Amino acid sequence: MEEQVFILKNPESFNLIHIFECGQCFRWNVEEDNSYTGVIKYGVLNVKKDGENYIFNGILDRNIEGVVKEYFDLDTNYTHLKEKLSSIDDYMKESIKFGYGIRILNQDLWECIISFIISANNNIPRIKKIIERLSSNYGNEIQFNGKKYYTFPTPESLSKASVEDLRKLGLGFRDKRVFKTTKMILEKQIDLDCLKKSNNTSKIEEELLKLDGVGEKVANCIMLFSLKRYDTFPVDVWVRRVINDLYIHEPVEEKVSKVKIKKLAEEKFSNFQGLAQQYLFYWRRDA
DNA sequence: ACCCAGGGTCGTC
DNA sequence: GACGACCCTGGG
């Protein structure tokens, strides 16, 4: 663990608010100077806008430049992708105009699995609090800028928590799901390293669905936010809402089947439906 | 005080 | 496929 600095010069399609407030991550918080601090697998990181540049500094157990490039998806050309998506229709154009600086983060697979199991029928403030409690109780402490931060617990560490322990930390009915899934991963009933290497989206989804608490929506979020599977389309209440309002026009929103939405996304946005989903979600929720 | 919704999933029919 | 239950919290 050592303190390191990296300066990213004039990146394209890069906006801290869009990246951290678009609903993909739960452990980044805004500071008084409008920079953001977050705990990731490799340590604690702070990002601050400085003119056209971004200053990253943090305490990490590996090279900061490599971590930032990987985590912030810097090898992907978003300008190009946004042009492609914008040409589909005016709604996409509008949503991209609103969330022009979104980047799909490349988060840790294990952390993403547990985080999105917790997200089920839950709201973002509470999801964040629960994850913080899991980390401060079962993660490792890191000192940074005079404050204490806690890494997300490893499967080994989280397996020390009983169902009752989890209930006390506020997980509610998700306690059993997190407990069981932790056990399954620890015992390698599902091999996460194997999933990371796979290039078959539907195979990965099939495996993830075996985990307790992971349904279609959560599996899609996991694939999009930690496995770079842009060819997936998580359908939640907001996405159902925006897709129905824009393209389907069913008076009773709940009646629109998930199958119909997924089919529409597939036809309209094909391989980049995950990115389209994120622009549409953020636009509908925050605009 | 009461109701509702929140990045859904699971068990049951 | 459709339906209800489910912990908990903040807001109307």
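This briefing covers the DNA surfaces, two of the helices and three single residues of the structure above. The model is predicted. DNA strand B has 24 residues around it. Helix 12 gives the most to the surface near that strand. Helix 5 is mostly covered, and its contact with helix 9 is described below.

**Near DNA strand B**

- Gly23, Ala120, Asn123, Gly215 and Val218 come nearest to DNA strand B, out of the 24 residues around it.
- Four helices each supply at least two residues of this surface: helix 6 (124–138), helix 12 (216–226), helix 13 (237–248) and helix 15 (273–286).
- Helix 12 supplies four residues, the most to the surface near DNA strand B.
- By class, the surface near DNA strand B holds ten nonpolar residues, nine polar ones and five charged ones.

**Near DNA strand C**

- The residues surrounding DNA strand C are Asn121, Pro125, Arg126, Arg167, Gly170, Gly172, Phe173 and Ser257.
- Two residues of the surface near DNA strand C are nonpolar, four are polar and two are charged.

**Helix 5 and its surroundings**

- Nine of the ten residues of helix 5 are buried.
- The buried residues are Trp110, Glu111, Cys112, Ile113, Ile114, Ser115, Phe116, Ile117 and Ile118.
- These buried residues of helix 5 pack against five helices: helix 6, helix 7 (155–158), helix 9, helix 10 (192–197) and helix 12.

**Helix 5 against helix 9**

- Helix 5 spans residues 109–118, and helix 9 spans residues 175–186.
- The two helices pack at an angle of about 160°, and their axes are 10 Å apart.
- Angles over 145 degrees count as roughly antiparallel, so helix 5 is roughly antiparallel to helix 9.
- The crossing of helix 5 past helix 9 is right-handed.
- On the helix 5 side, the contact is made by Trp110, Ile113, Ile114, Ile117 and Ile118. On the helix 9 side, Arg177, Val178, Thr181 and Ile185 make the contact.
- By class, the residues of this contact are seven nonpolar, one polar and one charged.

**Helix 13**

- Val239, Arg240, Val242, Ile243 and Asn244 are buried in helix 13.
- The buried residues of helix 13 pack against helix 14 (258–269) and helix 15.
- Leucine 246 is also found in helix 13. Leucine 246 counts as partly exposed, because it has 17 C-beta neighbours inside 10 Å.
- From C-alpha to C-alpha, leucine 246 and glutamate 70 are 34 Å apart in space. In sequence, leucine 246 and glutamate 70 are 176 residues apart.
- Histidine 249 follows helix 13, and its phi is positive, near 65°.

**Positive phi in two loops**

- Serine 13 lies in the loop between strand 1 (2–8) and helix 1 (16–21). Its phi is near 50°, a positive value in a residue other than glycine.
- Serine 13 counts as buried, because it has 20 C-beta neighbours inside 10 Å.
- Aspartate 73 is in the loop between helix 2 (64–71) and helix 3 (78–86). Phi of aspartate 73 is near 60°, a positive value in a residue other than glycine.
- Aspartate 73 is partly exposed, because 16 other C-beta atoms lie within 10 Å.

Technical notes: Residues numbered from 1 in each chain as written. Chains lettered and ligands numbered in written order. Predicted model: local features only at pLDDT ≥ 70, side-chain atom pairs only at ≥ 80, totals over all residues. Near = placed C-beta within 6 Å. Nonpolar A, V, L, I, M, F, W, Y, C, P; charged D, E, K, R; others polar. Buried ≥ 20, exposed ≤ 12 C-beta atoms within 10 Å, placed from the backbone. Contact = placed C-beta atoms within 7 Å. Axes fitted to C-alpha atoms, helices over the stretch in contact; angles between N-to-C directions. Parallel < 35°, antiparallel > 145°, perpendicular 65-115°, else oblique. Left-handed = near helix turned anticlockwise from the far one by under 90°.
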